[in-house]
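Work through these exercises with the structure open beside you. Try each task before you read its solution.

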Amino acid sequence: SLSVSGELLATGDKGGRVVIFQREPERKRRPYLRGEYNVYSTFQSHEPEFDFLKSLEIEERINKIRWLPHQNPAHFLLSTNDKTVKLWKISERDKRAEGYNLKEEDGRVREPFRITSLRVPVVLPMELTVEASLRRTFANAHTYHIHSISVNSDHETYLSADDLRINLWHVEITDRSFTIVDIKPANMEELTEVITAAEFHPQQCHTLAYSSSKGSIRLCDMRAAALCDNHAKFFGEPEDPGSRSFFSEIISSISDLKFSRSGRYMLTRDFLSVKVWDLHMEARPVETYQVHEYLRAKLCFLYENDCIFDKFECCWNGSDSAIMSGSYNNFFRLFDRNSQRDITLEASRDANKPRATLKPRRVSMGGKRQRDEVSVDSLDYSRKILHSAWHPTDNIIAVAASNSLYIFQDEVN
């Protein structure tokens, strides 16, 4: 997750750690360094827990990280595992105080009879250290696994969503939250769909959207009612009966939802495609881009190895003119909305030399294969790019592939 300014990039891992990278300042002699990010801070965000009531082990794995807007020298971020959201403060310290009267420099309390004179504490410079301190813990509000958090544009509230409920929190209040969406049926055997992603509108603090496993999006207005079970708008595309198959419902499930930075459009990702929706048109998306249409013939194989349930993210560039999403074989796809051009690139260690230019990749469906093409039968499904982020102003993108983080920037002349 990139901070609002794009200067900090936060990543979470399965061990509950958060690693923050800071962007290098631009230098006149070496302008190509402008896209470089170096480690800024690492801290343990979540620990493994055990739910004794349900005899369940709660993993420490980080599901989502979201930055709060930068309002003072410190930075704040929210991180969540399956059950608990935490608010962290990231601050720099380059000065220390010395000469306390009641304690020694190493922190030990001085015995009163040894204090014979008054010392005036002084502030001395020290080596810059970055400290992460836990400010709030938001727990015990979700029965199911949290998959989404989103900070509201009022900078005071945020939502957390699981499969059946969306809760609204105030960042200062940890002991209560409000359930604003609840789709849990009275009888769980009647359950037909679950919430897959949720996000606040970037400008309207009363508007949020959530997507479902049936491929639909509901837009909610919190001004209408405290409980947003009745949506204001319903976005969905009617299914073509001619193309219906056993896998139709699985591949139509939306894995990610993102508002455009302008707030006019929504971007959704299902298994095979990304779609752009205009908030003023509910009947169908205004744009549909195929991410890996060549896998349609492989759905049976992908179902057997569980890949069909992978949840790919999608993201906008800073001007809403391009979108990005990941695929298998460490491929990721970029789509230009103006020119309708698209490109497939690969995040691999072979291209890990500094300032190496990525070459477009192509997948052949069979028959005679060109020299620079990859056969659809030789794709590696264990190498996949599920997480991606785009810098808010520059053409810098970050993609995560298993235990590697790749950062690319456009070519610098």
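**Exercise 1. Where is the place of tyrosine 40, and is the residue buried or exposed?**

The model you are looking at is predicted.

Step 1. Locate the residue. Tyrosine 40 sits in strand β3, which covers residues 37-44.

Step 2. Check its accessibility. The relative accessibility of tyrosine 40 is 13%. The cut-off for buried is under 20%. Tyrosine 40 therefore counts as buried.

Step 3. List its contacts, leaving out residues up to four places away in sequence. Tyrosine 40 touches Leu8, Ile20, Phe21, Gln22, Ile90, Glu92 and Val130.

Step 4. Take one of these partners, phenylalanine 21. Along the chain, phenylalanine 21 and tyrosine 40 are 19 residues apart. In space, their C-alpha atoms are separated by 4.9 Å.

**Exercise 2. Find the order of the strands in the sheet that holds β6, and say which strands stand at the edges.**

Step 1. Read off the order. The sheet is open, has 4 strands and runs β6-β7-β8-β9. The pairing is antiparallel.

Step 2. Look for strands with a single partner. These are β6 (64-67) and β9 (122-138), so each has one side without a neighbour in the sheet.

Step 3. Add the twist. From one strand to the next, it averages 25 degrees.

Step 4. Zoom in on one pair. Strand β7 (residues 75-80) and strand β8 (residues 85-98) run antiparallel and are joined by 6 bridges. Threonine 80 has valine 85 in β8 as its bridge partner.

**Exercise 3. Do the same for the sheet that holds β14.**

Step 1. Write down the order. This open sheet has 4 strands, β14-β15-β16-β17, with antiparallel pairing.

Step 2. Name the edges. They are β14 (195-200) and β17 (233-235), and each pairs on one side only.

Step 3. Add the angle. Neighbouring strands here are turned by 20 degrees against each other on average, direction ignored.

Step 4. Examine the pair β15 and β16. The two strands, residues 207-212 and residues 217-221, run antiparallel with 5 bridges between them. Aspartate 221 in β16 is the bridge partner of threonine 207.

**Exercise 4. Why is strand β23 described as largely enclosed, and which strands pair with it?**

Step 1. Count buried residues. Strand β23 covers residues 322-326, and 5 of the 5 are buried, so the rest of the structure largely encloses this strand.

Step 2. Sort them by direction. Ala322, Met324 and Gly326 point one way, while Ile323 and Ser325 point the other way.

Step 3. Go to strand β22 (residues 314-316). This strand pairs with β23 in the antiparallel sense over 3 bridges. Cysteine 314 stands opposite serine 325. The hairpin of β22 and β23 has 5 residues between the strands, and aspartate 320 takes a positive phi near 65 degrees there.

Step 4. Go to strand β24 (residues 331-336). β23 and β24 pair in the antiparallel sense over 5 bridges. Glycine 326 has phenylalanine 332 in β24 as its bridge partner. This hairpin has 4 residues between its strands, and asparagine 329 in the turn has a positive phi of about 65 degrees.

**Exercise 5. How many cavities of 30 Å³ or more are there, and which residues line the largest cavity?**

Step 1. Recall the idea. A probe the size of a water molecule, rolled over the atoms, shows where empty space is left.

Step 2. Count. There is 1 cavity of 30 Å³ or more. The largest cavity holds about 70 Å³ of space.

Step 3. List the lining. The residues are Ser3, Val4, Ser5, Trp67, Leu68, Pro69, His70, Gln71, Ala74, His75 and Phe76.

Step 4. Sort by class. The lining has 6 nonpolar, 5 polar and no charged residues.

Terms used. Residues are numbered from 1 along each chain as its sequence is written. This is a predicted model: local features need pLDDT of at least 70, side-chain atom pairs count only at pLDDT 80 or more; totals for chains, interfaces and linings use all residues. Side-chain values use heavy atoms; hydrogens and water are left out. Two strands pair if DSSP finds at least two bridges between them. Axes are lines fitted to C-alpha atoms, for helices over the stretch in contact, and angles run from 0 to 180 degrees between N-to-C directions. Buried means under 20% relative accessible area, exposed over 50%, partly exposed in between (1.4 Å probe, protein chains only). Contact means heavy atoms within 4.5 Å. On a 1 Å grid over the protein atoms alone, a cavity is a set of points where a 1.4 Å probe fits but cannot get out, and a pocket is an open set with protein on both sides within 12 Å along at least five of seven lines; lining residues have an atom within 4 Å of a point. Grid points are joined across faces, edges and corners, and a volume is the space filled by probe spheres set on the points. Ala, Val, Leu, Ile, Met, Phe, Trp, Tyr, Cys and Pro count as nonpolar, Asp, Glu, Lys and Arg as charged, and the others, Gly among them, as polar.
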